[in-house]
Amino acid sequence: MRWICVFFSIVIISISSTAQENSLSNKGEPPVGAPQWMKSSNTRLETELIAEYGEVQRMRLQRGLAQVGQFWRDDDGDASTYEDFVRTSFAGDQATLDSMFTRYEQLLEQLDGHMHEINREFRQQMDLDLGPALPFDEAFGGYDPSAHVIDDFFKNKLAFTAVLNFPLTTLDQRLKEGPNWTRRQWAEVRLAQRFDKRVPADVNLGIAQAEAAAGQYVAEYNIWMYHLVDEKGQRLFPAKMRLLSHWNLRDEIKADYADKDNGLAKQRTIRQVMERIVTQTIPQIAVNNPAVDWNPFTNQVKPAAASDSDTPPARNVTNTAEPNTRYAMFLKTFQASKRADPYSPMAPTHIARRFDEDREIPEARVKQMLEQVLTSPLVGQTAKLIESRLGRPLEPFDIWYNGFRPGSKYSEAELDQMVAKKYPTPEAYQKDIPNLLMKMGFSPDRAQHVASNIVVDPARGSGHAMGAEMRAEKAHLRTRVEKTGMNYKGFNIAVHEMGHNVEQTFSLNDVDHTLLKGVPNTAFTEALAFVFQGHDLELLGLPAPDEKSLAEKTLSDFWATFEIAGVALVDTAAWHWAYDHPNATPAEMRDAVVHISKDVWNRYYAPVFHKQDVVLLGVYSHMIDSFLYLPDYPIGHLIAFQIEEQMKKAGNIGPEFERMAKMGQVTPDLWMIHATGRPVGPEALLEATDIALKQVRQ
Ligand SMILES: [Zn+2]
């Protein structure tokens, strides 16, 4: 299923991929762990099947046998079952192979499509504004009908048939050879990739449990801000303010720029809190507890001298530190993921699965791109501009500076009024989609085609886009419409989600192979959705934002990329350290993350912040519960800029959007070369930032 909000997607049917030098021998040598009899069976099968189909099939057959050997276990059958399976399932001539390919493509589309359809229907009450959800609705919504598909396909041998006949590939192969593959070859590669790992159910369950435990730890990690006190016992923050680490804490730092009296003191206090979380010197009793007052500078805790909750002041207060729970949680996610390694021959570490499969950009290249941003001279120039706007030297928390703001000619209230008049109901928006698409440069025909594939639903939350997984289904645009009509924020989100729907329609209904449906990864569909969102004023018939306003937005994105690039490097290095020290204790993991955070800071941030050994880069909660997800953010910024710049160059968004989206799910580099002429990289962002700096200085 593809359910996409802003930087949020869930993929239920795992369309997985590959990595690492394929350890399969091409000489019929069964892999370690394969049943003993396999070698002699393979020799027999090779002689027999080559006699039947000819020498020309030898390479394919050897490859297929080696691939099947990666996954065949004793309980899949004995030697004679295996040999019968290979004899009957090897497509030894082109006509049979073509039929097999076509059937798999058609039927997997049906499987994905209907599983997704069940899922969408089951979630309806949770996702849409249809009145109260009852407890059982939540269970329906949480049910995943496709959870056992991969297991089933190995059991009924459909997965084995696929890997017997179609090639498993490494990322290296896809990058080097992929540009010369035909579309059919790409589709075959994606077909085989669905079955490139066979992780036992208990291992998957362990991963889900570790994720749930870490998620719960993160979700309950609040700081009661009213109870942060300075040495005089003064309180900077209002009563009842309870901020979740790290998101709310970071957003409060951003909001505090507007507080001319206490903003700086508040920001310094939050920085101190964050550092105590990273170093785990935070008193355990100060976590999510309004019953104590805490001075994060001296680290003293006392029973709360003022109350803003029902909780009575604590007794027996000590400042015993949190016992490295943060890192114990991280280690649990690491250990659970590591258990999947032996079952994933093409990407045998979680790090490889993230970079080589989910992102399909090698880790070394990601690192290089991020370093290119971090060491750019534009960082120093932007830092100087921020200092001049702040009127003081930078402090470490200014990595979250949010003063780059596009100006607007219209107030939010004015925009609300315009939007409410235009779109009193979801139906009004639905009716206007062809018109909106024509304003984006689509021909009347193409606009009609896309619009006929989008259904608008009233969202319970702020909105999301849910694409279809088969051509007979439609993409769903979930948007929020108040009783008084749609407001501007809702419209802005609806336009973003509509961008997803348009991408989803082209990349499913108009791609040449449904096995290639979609885009390389989430960053691509987000980038395409942002293209739509960036034109929302024009869609209302208002003038586009002016150059200066766009320059402010570019600088805001650049600074955010600079910040999150370092966080991504810390996340990646932490996972490597864990793999190098698989038996580490939580305290050792803490020391490693503290060391890594300082190291990345000293290398890339200290030169502009003039302060050493800051650990703020280690505060992101994703690091604890999101399994090496953080590098997606900076990569997303780079991709968004590349696509936006290309749209500007092309001028006419509609046809360009369609051309890009129809490429489907090839590697990010191949997609980007097709779209813009260059592989994924930071150049577009850096070039735009350079121009933006000149524009705002004028
Ligand atoms: Zn989105």
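A residue counts as buried when its relative accessible area is under 20%, as exposed when the area is over 50%, and as partly exposed in between. Keep those cut-offs in mind, because Arg44, at 42% relative accessibility, is partly exposed by this rule. We will come back to Arg44 shortly. Please also remember throughout that this is a predicted model.

Let us start with the whole chain. The protein chain is built from 30 helices and nine strands. Its radius of gyration is 27 Å, which agrees with the value near 26 Å that a compact globule of 698 residues would have. Along the principal axes, the C-alpha atoms fill a box of roughly 90 × 60 × 55 Å.

How much of the chain is buried? Of the 698 residues, 56% count as such. The accessible surface amounts to about 28,900 Å², and carbon and sulfur atoms supply 53% of that area. If you look at contacts with a sequence separation of 6 or more, 74% of them join residues that are 24 or more positions apart.

Now for the charges. The chain carries 75 positive and 93 negative side chains, and the centres of these two sets are 3 Å apart. Within the structure there are 47 salt bridges, and three of them make a good tour.

The first brings us back to Arg44, whose side chain meets that of Glu83 in a salt bridge with an N to O distance of 2.6 Å. Glu83 belongs to helix α3 (residues 79–89) and Arg44 to helix α1 (residues 38–53), so this pair ties together parts that lie 39 residues apart in sequence. The two partners fall into separate classes of accessibility: Glu83 is buried at 7%, whereas Arg44 is partly exposed at 42%. The pair also belongs to a network of salt bridges that links Arg44, Glu48, Glu83, Asp84 and Arg87.

A second salt bridge joins Glu55 to Arg58, again with 2.6 Å between the closest N and O atoms. Here Glu55 is exposed, with a relative accessible area of 51%, and Arg58 is partly exposed, with 28%.

The third salt bridge is formed by Glu371 and Lys367, at 4.0 Å from N to O. That distance is worth a second look, since the criterion for a salt bridge is a nitrogen within 4 Å of a carboxyl oxygen. Both residues sit in helix α15 (residues 363–374), four residues apart, which means that about one helical turn separates them. Glu371 is partly exposed at 23%, and Lys367 is partly exposed at 42%.

From charged side chains we can turn to a leucine. Leu65 is found in helix α2 (residues 58–71), and with 2% relative accessibility it counts as buried. Which residues touch Leu65, once neighbours within four places in sequence are left aside? They are Asn42, Leu45, Tyr82, Val86 and Leu164. Take Val86 as an example: 21 residues separate it from Leu65 in sequence, while the C-alpha atoms of the two are 8.1 Å apart in space.

Our last stop is helix α29 (residues 668–676), which is mostly covered, with seven of its nine residues buried. These buried residues are Pro668, Asp669, Leu670, Trp671, Met672, Ala675 and Thr676. Just after α29 comes Gly677, which has a positive phi, near 90°.

How values were computed. Residues numbered from 1 in each chain as written. Predicted model: local features only at pLDDT ≥ 70, side-chain atom pairs only at ≥ 80, totals over all residues. Heavy atoms only, no water. Helix = DSSP H or I, 4+ residues; strand = E, 2+ residues; numbered from the N terminus. Rg over C-alpha atoms; globule rule 2.2 N^0.38 Å. Buried < 20%, exposed > 50% of the residue type's maximum accessible area, 1.4 Å probe, protein only. Contact = heavy atoms within 4.5 Å. Areas by Shrake-Rupley, 256 points an atom, 1.4 Å probe, with all protein chains shown as cover. Lys, Arg positive; Asp, Glu negative; His and termini not counted. Charge placed at Lys NZ, Arg CZ, Asp CG, Glu CD.
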